[in-house]
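Here are my notes from a pass through this one. Have the viewer open while you read, and shout if something looks off.

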Amino acid sequence: MRVAESDRPGVTIFHDGRPLAALAGDTLLTALLCNGVALRRNEFDGGLRAGFCNMGACQDCWVVLEDGSRIRACTTEVHDGMRVCAPESVF
């Protein structure tokens with residue numbers, strides 16, 4: 001749920017083909033979390049995980065784009081039409 005900065009222009013990203021709403025200037029991690037998307041499962045208890053540090057220092061938020069490139073969700077800004085693949089280990 002968004003509590004501030006809701007006046008920025010909206011963009012649409014896609015997560016495994018499903019459209020998700022985001023705002024211009026959001027990081028990909030913010031957009032995914034605002035849409036209820038987890039990045040992976042915790043290796044210890046199987047619980048859903050998002051990013052850990054949210055500043056690009058850890059390795060927790062790597063995602064794969066539809067074109068096969070890997071990016072960090074916490075430091076990559078969304079753009080309209082961005083297409084992200086769900087990690088198989090989560091879904």
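1. Start with the pairing at Val 64, whose opposite number in β6 is Arg 70. This is a predicted model, so take the contacts below in that spirit. β5 and β6 run antiparallel and are joined by three bridges.

2. Zooming out, the strands here belong to an open sheet of five, ordered β2-β1-β7-β5-β6, and the pairing is mixed. The edges are taken by β2 and β6 (70-72); each has a single partner strand, so one side of each has no neighbour in the sheet. On average, neighbouring strands of this sheet are turned by 45 degrees against each other, ignoring direction.

3. Over at the β2 edge, there is a hairpin to look at. β1 (residues 10-15) pairs with β2 (residues 18-23) in the antiparallel sense, and six bridges hold the pairing. His 15 has Arg 18 of β2 as its bridge partner. Two residues lie between the strands, and Asp 16 takes a positive phi near 50 degrees in this hairpin.

4. Back to β5, which contains Trp 62. Is Trp 62 buried or exposed? Neither, quite: its relative accessible area is 31%, which falls between the 20% and 50% cut-offs, so Trp 62 counts as partly exposed. Setting aside neighbours within four places in sequence, Trp 62 is in contact with Arg 70, Ile 71 and Arg 72. Its side chain also makes a polar contact with the side chain of Gln 59, at 2.6 Å. For a distance check, Trp 62 and Val 84 are 22 residues apart in sequence and 11 Å apart in space, C-alpha to C-alpha.

5. What do the rings do? Searching the whole structure for aromatic pairs turns up zero. There are charges over rings, though: the charged end of Arg 70 sits over the ring of Trp 62, 4.5 Å from its centre. Arg 83 does likewise with Phe 14, its charged end lying over the ring and 4.1 Å from the centre.

6. Last, Asp 60. Where does Asp 60 sit? In the loop between β4 (48-49) and β5 (62-65). With a relative accessible area of 10%, under the 20% cut-off, Asp 60 counts as buried. Not counting residues up to four places away in sequence, Asp 60 touches Leu 39, Arg 40, Arg 49, Ala 50, Gly 51 and Phe 52. I'd have a look at that list in the viewer alongside the burial value for Asp 60.

Terms used
Residues are numbered from 1 along each chain as its sequence is written. This is a predicted model: local features need pLDDT of at least 70, side-chain atom pairs count only at pLDDT 80 or more; totals for chains, interfaces and linings use all residues. Side-chain values use heavy atoms; hydrogens and water are left out. Helices (H or I, at least four residues) and strands (E, at least two) are DSSP runs, numbered from the N terminus. Buried means under 20% relative accessible area, exposed over 50%, partly exposed in between (1.4 Å probe, protein chains only). Contact means heavy atoms within 4.5 Å. Rings of Phe, Tyr and Trp (its six-membered ring) pair if their centres lie within 6.5 Å; planes under 30 degrees apart count as stacked, over 60 as edge-to-face and the rest as tilted. A charge sits over a ring if NZ of Lys or CZ of Arg is within 6 Å of the ring centre and within 35 degrees of the ring normal. Two strands pair if DSSP finds at least two bridges between them. A polar contact is a pair of N or O atoms within 3.5 Å; within protein, one must be able to donate a hydrogen and the other to accept it, and residues adjacent in sequence count only if both atoms are side-chain atoms. Axes are lines fitted to C-alpha atoms, for helices over the stretch in contact, and angles run from 0 to 180 degrees between N-to-C directions.
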